[in-house]
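Thanks for coming, everyone. Let me put the structure up, and then I'll walk you through a few places in it.

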Amino acid sequence: MALLNVENISKKFGGVCAVDGFFMEVEKGEVVGIIGPNGAGKTTIFNLISKVYETECGRIWLDGTDISSYTQEQAARSGIGRTFQNIRLFNSLNVLDNVKVSCDYKPRYSLIEAILSLPRTIKGKRETHEEAMACLRAVGLEKYALEKPGNLPYGMQRRLEIARALALKPKVLMLDEPAAGLNPEECAELVRFLKDITQKFDIALVIIEHHMDVVMNLCHKIYVLEFGKTIAVGTPEKIQNDPKVLAAYLGEEED
Amino acid sequence: MNDYIASLIQTTCISLIGVVSIFPLTGMTGLFSFGQAAYMAVGAYVSGILAVKLGMPFWLCLLLGVLSCGLLAIIIGYPTLKLRKDYFSLMSLCLGEAVTAVLNKFGTITGGAAGLSNIPKKSTMPLIIISAVVTVALVALFKNSRFGRMSLAIKADELAAKSFGINVFAHKMKVYIFTSMIAGYAGVLYAFYLTYLDPNLFGWTRSSEWVIFLFFGGVNSLTGSVLSTIILTVLPEILRFASSARIVMYTVLILLVINFKPNGLLGEKELRIPVRKQFRTRTRG
Amino acid sequence: MVLFYVQQLINGVSRGAVYALIAVGFALIFSVLKFSNFAHGGLISVAAYAGYYFSTKFDFPPVIAILCTALIGAVMGIILNYIAFYNLQRRNSPNIFYFVSSITCGILFMNILTLMFGTTFYAIKPFFKNNIIKIGNLIILKMDIMILALTFVLLAALMLLINRTKMGLALRMVSIDKDTAMLMGVNSSVVITVTFSIAGALAGISGILLGANFTIDPFLGNMVVKGFIASVIGGLGSLPGAIIGAILLGVMEVIFTVLVGDILSPAIIFVMTLIFLLIRPQGISGHFVTEKA
């Protein structure tokens with residue numbers, strides 16, 4: 001069985017079917033892309049997998065475990081890391097603390113140990129610090145550890161979101177438009193970076209992206225959505241020549 | 001020492017424990033509670049009644065007073081912390097009213113509106129001052145731990161906090177119980193300091209006073225809360241304001257802060273102890 | 001025995017009518033600005049004193065006194081907007097700031113009144129010479145009927161204003177998205193000012209009627225909490241819901257007062273509201289907006 005297995009999930013908003021019977025399989029080490037016009041239901045799929053929305057129908061399996069009935073935090077703990085389309089960093093925390101938050105659910109020390117500053121607290125704080133710094137180094141932000149995220153440029157904020165998700169030690173990392181607002185050189189750099197972390201952290205990557213060169217250069221498999229329905233699945237070459245996809249993307253293809 | 005100054009110091013210290021008690025809840029987690037004085041009331045009354053009616057020793061009264069606050073916090077927190085933040089604030093306000101109502105109703109035990117008197121005087125000046133210092137230290141350690149960070153993350157963005165494995169409800173419960181027990185402790189000290197209790201001492205004005213002090217000092221700054229408590233308690237005393245005039249002064253200050261300096265007096269600044277510096281330099285390496 | 005309960009029902013409805021009047025003003029602000037305006041209580045207290053001056057000191061006839069008080073309320077509403085919320089709107093502050101600011105203003109108004117008038121009670125001259133209508137053994141107060149009728153008239157007028165006029169359209173636009181409304185040429189700050197003046201006028205009317213129904217003290221406006229609970233029960237921001245919620249609350253309060261006594265009723269109301277919120281957080285009529293990821 002695949003690492004992440006999504007079977008027939010759907011989501012309705014009022015009468016509108018945002019996602020209609022979506023299936024997906026993601027293998028370890030694989031990079032999977034989800035593309036489609038705006039409003040096709042891509043972010044809704046992320047929200048369903050990361051349990052922001054409850055699963056009303058269908059099943060989600062992660063590494064052989066059924067996570068369909070998990071809460072959002074259980075899904076995160078079991079290995080679903082994600083970023084948000086409109087960056088959602090904790091603005092009152094500094095860069096390092098933003099990453100540390102991902103380690104904080106681990107019961108390294110209890111509340112009583114914390115307020116009495118017992119030995120386990122000091123050890124726990126050190127472990128958290130080292131893990132968080134490792135993630136910051138992986139995305140090249142260690143120099144900005146004590147800055148507030150609001151002071152960083154847009155691209156770095158996106159990287160910080162990735163670092164924060166990596167600190168969860170995810171099995172599957174889901175990135176919602178990681179290349180939004182980047183120029184072509186930065187996109188190429190992002191592709192290298194993402195390939196690198198996929199190997200280094202031994203994870204599967206699922207991305208939503210509008211930049212076709214990023215998707216085509218990075219992904220092993222692509223799902224194309226339109227109005228909540230999957231209209232095509234396959235390798236980048238296959239997708240590029242699919243007549244249905246061309247129809248959906250008419251006028252938008254050469255982006 | 002002059003009696004007046006002594007009583008001023010002791011009441012300020014007890015207020016300080018109260019304000020610091022809501023810091024993790026209101027300042028850090030962003031849950032505005034307008035009923036934390038209810039926990040002070042419970043701590044005060046439980047310990048006071050045990051001492052007066054059953055003649056229990058002080059330390060046992062203190063323990064049971066604080067524990068009963070923890071218990072009440074579990075019962076009240078379980079349903080209310082699931083609600084939206086503004087509903088929680090409202091329910092906290094109603095909790096204050098409800099506790100006062102219960103204290104008035106069961107007059108045979110609590111003394112009702114006439115009050116509960118003859119509590120032995122056990123809160124001495126050194127005990128109160130040490131308690132205040134220790135409480136501030138405990139809350140500072142809370143702030144610097146993973147619990148403090150989780151609180152700030154929840155305040156900033158609950159949905160994102162959940163996406164990174166934080167059980168928001170469980171965390172809020174922990175903070176609520178923790179802060180309520182500190183408020184209860186302030187209540188115990190208060191009961192054994194005043195030797196007399198009546199329900200009106202713990203109305204919603206006291207709860208909102210705490211929130212106001214906190215807001216004035218800067219919701220993210222413990223140092224700010226401590227400073228503002230000291231300034232705002234001592235100043236009206238020196239100026240000998242009537243209680244309404246004092247409240248008018250507080251509210252005008254808050255409006256000025258909200259309008260012109262929304263992060264409060266100190267914003268996020270904290271007084272740092274040198275130990276932190278090592279931590280900081282290590283971060284750079 | 002049946003008669004006794006019918007009488008209690010009548011008492012409950014008339015208490016609910018008072019809450020409804022408060023809840024409508026409260027719900028109006030919530031529907032447009034999405035925060036719970038506790039300063040409404042402060043306005044009610046101020047209006048009650050103003051009403052005392054108009055109706056008793058200057059001896060205006062009731063209708064004129066109510067209108068004058070409504071005017072004072074409207075002016076106070078505008079002042080409130082400028083001292084408490086204007087800067088927050090400009091800065092796009094988080095919701096909790098509005099909440100704190102409004103509570104602070106409510107406390108401020110009430111304590112200024114305490115400084116000016118002390119805590120002695122004032123009474124407004126009765127509007128009706130003979131306040132009681134007797135139907136068999138049932139007693140109905142004219143004042144209560146008047147409050148109930150006025151509440152419905154005001155509700156109808158507000159609904160017409162919101163749903164049928166250009167101003168109402170602008171108001172609804174601002175309530176959905178302030179910034180987009182501004183891009184569409186709606187002057188949001190004018191709309192918000194108008195909203196506050198309407199809510200202020202409602203507070204004014206509530207103030208003088210509450211003053212006439214009870215006695216006046218600076219903390220009369222604390223009844224706003226009841227208005228809040230009522231509009232939560234009805235569904236925050238829904239005007240008709242607020243009225244239904246208010247009457248429901250009034251009836252339940254009277255019933256519980258009969259059953260457990262006056263002193264304990266805040267505790268009962270606390271538990272009841274809590275249970276209600278857990279079962280149906282969106283209120284009787286409202287629908288819940290979930291956060292978007």
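I'll take one helix, one interface, the salt bridges and three single residues.

First, the ground rules. This is a predicted model, where local features need pLDDT of at least 70, side-chain atom pairs count only at pLDDT 80 or more, and totals for chains, interfaces and linings use all residues. Residues are numbered from 1 along each chain as its sequence is written, chains are lettered from A and ligands numbered from 1 in the order in which they are written, and side-chain values use heavy atoms, with hydrogens and water left out.

Start with chain B. Helix α1 covers residues 3-28, which is 26 residues. Helices here are DSSP runs of H or I with at least four residues, strands are runs of E with at least two, and both are numbered from the N terminus. From first C-alpha to last, α1(B) reaches 36 Å, close to the 38 Å expected at 1.5 Å a residue. That expected span is 1.5 Å times one less than the number of residues.

Where does α1(B) kink? Look at I22(B), shortly before the proline P24(B), where the kink is about 45 degrees. The bend is the angle between two fitted axes, one for the seven residues ending at that position and one for the seven starting there.

Now its two ends. At the N-terminal end, N2(B) is the cap: a side-chain oxygen sits 2.7 Å from the backbone nitrogen of Y4(B). Just past the helix, G30(B) has a positive phi of about 80 degrees.

Is α1(B) mostly covered or uncovered? Mostly covered, with 20 of its 26 residues buried. Buried means under 20% relative accessible area, exposed means over 50%, and partly exposed is in between, using a 1.4 Å probe and protein chains only.

Stay on chain B for D157(B). This residue is in the loop between α7 (146-156) and α8 (158-163). D157(B) counts as buried because its relative accessibility is 11%. A polar atom of its side chain lies 3.2 Å from the backbone nitrogen of L159(B).

Next, the interface between chains B and C. Chain B puts 39 residues into the contact and chain C puts in 42. Contact means heavy atoms within 4.5 Å. The buried area is about 3,700 Å², and carbon and sulfur atoms give 81% of that. Buried area is the accessible area, with a 1.4 Å probe, that two parts lose on being put together, summed over both.

How many salt bridges are there between chain B and chain C? Zero. A salt bridge is a side-chain nitrogen of Lys or Arg within 4 Å of a carboxyl oxygen of Asp or Glu. Four residue pairs are in polar contact across the two chains, both residues at pLDDT 80 or more. On the chain B side, the elements giving two or more residues are α3 (58-80), α4 (85-105), α10 (204-217) and α12 (243-260). The largest share is from α4(B), at 14 residues.

Across the whole structure, the search finds 22 salt bridges over all chains. Take three in chain A. R59(A) pairs with D66(A) at 3.0 Å, N to O. R59(A) is partly exposed, at 40% relative accessible area. E113(A) pairs with R120(A) at 2.8 Å, N to O. E113(A) is buried at 15%, while R120(A) is partly exposed at 45%.

The third is K106(A) with E131(A), at 3.1 Å, N to O. K106(A) is in the loop between α3 (95-100) and α4 (111-116), and E131(A) is in helix α5 (residues 119-138), so the pair ties together parts 25 residues apart in sequence. Both K106(A) and E131(A) are buried. They also belong to a salt-bridge network with R108(A), K123(A), E127(A) and K169(A).

Last stop, chain C, helix α10, residues 239-260. V254(C) is in that helix, and A242(C) is there too. V254(C) is buried at 6%. Beyond its neighbours within four places in sequence, V254(C) contacts Q8(C), N11(C), G12(C) and R15(C). A242(C) is buried at 0%. Leaving out residues up to four places away, A242(C) touches A23(C), A27(C), A230(C), S231(C) and G234(C).

That's the tour.

How values were computed: A polar contact is a pair of N or O atoms within 3.5 Å; within protein, one must be able to donate a hydrogen and the other to accept it, and residues adjacent in sequence count only if both atoms are side-chain atoms.
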